[in-house]
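Visitor: I am new to reading protein structures. Could you walk me through this one?

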Amino acid sequence: GDGQGGAGRWGLLRAAIPEQYDTFSIGAVLAEWMRTIADLPAILRQAVTLGLFSSAQLVRFFAMDVRPNVTRTVSRHLPPSLARDFVGRLMADPGFVQKAVLESSIAACASLWYEYRARGERFKDEMDLVMINTLGMAAATCATVWMVAPTRSYGSIQKFPWQQTLDGLPNCVFDASGPLRQYSMQARVGGFFAKLAELSAVGAVTGGATSILSSAAVNLRQRADPEWQPSVAVPTLGLASGGLGAYFATNANTRYQLIGGLDRVLFAHTNYLWTYLLLSGGARFASQYVGEQTRPAWQGMPAPASLAPVQIPRPAGLRLPRRIKKKVSKKVPKYQAVQQQQQQQQQQ
């Protein structure tokens, strides 16, 4: 009923509902959507046959696949391995695409705000350097969201034992266990350090690419004007690559693992997708704010705390209204004083 679980009809939270993997529940979902296992794409057919997909995950897939949308178009045009991983992330988290777009947008806006504070009046003149750093951070953040997102993809073929070992580790240390993936404490710790290595590579590549491209942009400008210098010095290749690699490995990895644990709790206890995305989005805004306080220093750029406060320029010709204060004399005018004296004489 509406009152079950203590949520009510308009409640935002509810009790967690366990996922069902039995054949009866899967058959009920297929019958509800008028589909059979043969109608499923090859990347999911084997997983459903083996009972690796729950009924809730199958409902999420049908809800995405039967309606024409951008997500379905992307999943159908990707290579099979990427399509399997993409759909697997959507099955684990239906808000994965929205989160990736939100995180990339927040990272881009935070980078733009830092660049504006650091470059001041030369922000527009150095837009090429600004865009190199901003696009680099947005791409690295999107890659981070992809790597630490929980997934339900099965059926990938691993040639080497170390690949099988890595495939058995969770992307998020707080991810839930499945029928064939029972995550122990050792596996979760191993997953954290595996993501530490992967994200360090993401940061190193991003820092190296932005440093090389920024140096090339500065050299092009100095060919036209040998005396031109950027307002913010371009970090060296080693400092940018090593520093940003360490930042993503430690700072970003820890933050996104904690957000993944929060998302698991929210997804299990919220009644509406918009509530889940709103609460998760608020946590991601706070996470980006915390990370942005130290990210430039790791990258070899001025720390935000050392930058001067932003002063909003006043448009030319704009004059603020001035308050005119009139002085009121407390002295009594002479003619009033004469009248008062005459009245006093008449009364006497």
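Visitor: Where does P230 lie?
Guide: First, a caution: this is a predicted model. P230 sits outside the helices named here, in a connecting stretch: the loop between α9 and α10.

Visitor: Is P230 buried or exposed?
Guide: The cut-off for buried is under 20% relative accessible area. P230 has 15% relative accessibility, so P230 counts as buried.

Visitor: Which residues does P230 contact, leaving aside its neighbours within four places in sequence?
Guide: Sequence distance can mislead here. P230 and E126 are 104 residues apart in sequence, yet 7.5 Å apart in space, C-alpha to C-alpha. E126 is one of the contacts, and the full list is R122, E126, L129 and V218.

Visitor: What share of contacts in the chain between residues at least 6 apart in sequence join residues at least 24 apart?
Guide: P230 and E126 gave us one pair far apart in sequence, at 104 residues. For the chain, the share of such contacts that join residues at least 24 apart is 73%.

Visitor: How many helices and strands does the chain have?
Guide: Read along the sequence, the pattern is α-α-α-α-α-α-α-α-α-α-α-α-α. The secondary structure comes to 13 helices and zero strands.

Visitor: Which element gives the largest share of the largest nonpolar core?
Guide: That core has 26 residues, and those with the most contacts inside it include L40, F61 and F248. Elements that give two or more residues to the core include α1, α3, α5 and α6, as well as α7, α9 and α10. The largest share is five residues, and it comes from α10.

Visitor: Why might nonpolar residues gather like that?
Guide: There is a general tendency behind it. In soluble globular proteins, nonpolar side chains tend to be buried together.

Visitor: What percentage of the residues of the chain count as buried?
Guide: Here the cut-off is again under 20% relative accessible area. The chain has 348 residues, and the buried part is 39%.

Visitor: At what angle do α6 and α11 pack?
Guide: Their crossing is right-handed. The axes of α6 and α11 lie 10 Å apart, and the angle is about 35°.

Visitor: How many nonpolar residues are in the contact of α6 with α11?
Guide: From α6 the contact includes L102, I106 and Y114, and from α11 it includes L277, R284 and F285. By class, there are five polar and four charged residues, and the nonpolar ones number eight.

Visitor: Is T151 buried or exposed?
Guide: T151 is in the loop between α7 and α8. Among the residues it touches are D85, G88, N171 and R181. Its relative accessibility is 11%, so T151 counts as buried.

Visitor: How far apart in space are R84 and T151, C-alpha to C-alpha?
Guide: R84 belongs to helix α5. R84 has a relative accessible area of 18%, so it is buried. R84 and T151 are 67 residues apart in sequence, but in space the distance is 9.7 Å.

Visitor: Which residues does A149 touch, not counting residues up to four places away in sequence?
Guide: A149 is found in the loop between α7 and α8. At 8% relative accessibility, A149 is buried. A149 and G88 are 9.8 Å apart, C-alpha to C-alpha. The residues A149 touches are R89, F96 and N171.

Key:
Residues are numbered from 1 along each chain as its sequence is written. This is a predicted model: local features need pLDDT of at least 70, side-chain atom pairs count only at pLDDT 80 or more; totals for chains, interfaces and linings use all residues. Side-chain values use heavy atoms; hydrogens and water are left out. A nonpolar core is a set of buried Ala, Val, Leu, Ile, Met, Phe, Trp, Tyr and Cys residues joined through side-chain atoms within 4.5 Å. Buried means under 20% relative accessible area, exposed over 50%, partly exposed in between (1.4 Å probe, protein chains only). Helices (H or I, at least four residues) and strands (E, at least two) are DSSP runs, numbered from the N terminus. Axes are lines fitted to C-alpha atoms, for helices over the stretch in contact, and angles run from 0 to 180 degrees between N-to-C directions. A crossing is left-handed if the near helix is turned anticlockwise from the far one by less than a right angle, and right-handed if clockwise. Contact means heavy atoms within 4.5 Å. Ala, Val, Leu, Ile, Met, Phe, Trp, Tyr, Cys and Pro count as nonpolar, Asp, Glu, Lys and Arg as charged, and the others, Gly among them, as polar.
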